[in-house]
Amino acid sequence: TIYYTLDGTTPSADATSMIYAAGYPFTVAKTVTGRAIVVLEDAKSTEATATFTIDASTYTVWRRYKVH
């Protein structure tokens with residue numbers, strides 16, 4: 001299961017994080033920092049971070065990924 005946040009907080013496998021469902025993209029209307037982890041049974045991945053920058057003049061989305 002992939003858990004993520006779009007407000008810059010640390011994702012976790014509880015009610016404060018959203019669950020990613022393949023085929024259902026999320027929508028952003030401003031620049032956000034997404035953070036995600038993968039949890040499989042008792043194992044948890046390292047955290048991945050992506051900044052999605054919205055250019056209001058062209059509505060271009062730029063992605064920058066960083067894995068911790």
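## Exercises on strand β3 and its surroundings

At 22% relative accessibility, A36 counts as partly exposed. The model is a predicted one, so let us work with it in that spirit.

**Exercise 1. Work out which accessibility class A36 belongs to, and describe its surroundings.**

Step 1. Start with the place of the residue: A36 sits in strand β3.

Step 2. Compare its value with the cut-offs. Buried means under 20% relative accessible area and exposed means over 50%, with partly exposed in between. A36 has 22%, so it is partly exposed.

Step 3. List the partners. Leaving aside neighbours within four places in sequence, A36 is in contact with I2, Y3, Y4, P11, T46, E47 and A48.

Step 4. Add a distance. The C-alpha atoms of A36 and G8 are 10.0 Å apart, and their positions lie 28 residues apart along the chain.

**Exercise 2. Find how many salt bridges the structure holds, and say what the pair ties together.**

Step 1. Search the whole structure: the result is 1 salt bridge.

Step 2. Identify the pair. E47 forms the salt bridge with R35, and their closest N and O atoms are 2.5 Å apart.

Step 3. Place both residues. E47 lies in the loop between β4 (43-44) and β5 (48-55), while R35 is in strand β3, so the pair ties together parts that are 12 residues apart in sequence.

Step 4. Check the burial of the acid. E47 has 12% relative accessibility, so it counts as buried.

**Exercise 3. Which polar partners does the side chain of R35 have?**

Step 1. Look at side chain to side chain: a polar contact of 2.5 Å joins R35 and E47.

Step 2. Look at the backbone. The oxygen of G8 lies 2.5 Å from a polar atom of the R35 side chain.

Step 3. Widen the view to contacts of every kind. Leaving aside neighbours within four places in sequence, R35 is in contact with Y3, Y4, T5, G8, T9, T10, P11, E47, A48 and T49. Both polar partners, G8 and E47, appear in that list.

**Exercise 4. Establish which strands pair with β1, and in which sense.**

Step 1. Take β3 (residues 32-40). Strand β1 (residues 2-5) pairs with it in the antiparallel sense, over 4 bridges. Within this pairing, I2 has V38 as its bridge partner.

Step 2. Take β2 (residues 18-19). Here 2 bridges join it to β1, and the two run antiparallel. The bridge partner of Y3 in β2 is I19.

**Exercise 5. Is I2 buried, partly exposed or exposed, and which surface patch does it help to make?**

Step 1. Locate I2: it is found in strand β1.

Step 2. Read the accessibility. I2 has a relative accessible area of 34%, so it is partly exposed.

Step 3. Test it for a patch. Patch residues need over 30% relative accessible area, and I2 joins Y20, F26 and V38 in a nonpolar surface patch of about 300 Å². V38 is also the bridge partner of I2 in β3.

**Exercise 6. Summarise the chain as a whole.**

Step 1. Count the elements: there are 0 helices and 6 strands, in the order β-β-β-β-β-β from the N terminus on.

Step 2. Assess burial. Buried residues make up 24% of the 68 residues.

Step 3. Describe the surface. The chain exposes about 5,100 Å², and carbon and sulfur atoms supply 59% of that area.

Step 4. Finish with contact range. Among contacts with a separation of 6 or more, 32% come from residues 24 or more positions apart.

Definitions and conventions: Residues are numbered from 1 along each chain as its sequence is written. This is a predicted model: local features need pLDDT of at least 70, side-chain atom pairs count only at pLDDT 80 or more; totals for chains, interfaces and linings use all residues. Side-chain values use heavy atoms; hydrogens and water are left out. Two strands pair if DSSP finds at least two bridges between them. Patches are made of residues with over 30% relative accessible area and no salt bridge: like charges are joined within 9 Å, nonpolar side chains (Val, Leu, Ile, Met, Phe, Trp, Tyr) within 5 Å. Accessible areas come from the Shrake-Rupley method with a 1.4 Å probe; for residues, only the protein chains shown count as cover. A salt bridge is a side-chain nitrogen of Lys or Arg within 4 Å of a carboxyl oxygen of Asp or Glu. Buried means under 20% relative accessible area, exposed over 50%, partly exposed in between (1.4 Å probe, protein chains only). A polar contact is a pair of N or O atoms within 3.5 Å; within protein, one must be able to donate a hydrogen and the other to accept it, and residues adjacent in sequence count only if both atoms are side-chain atoms. Contact means heavy atoms within 4.5 Å.
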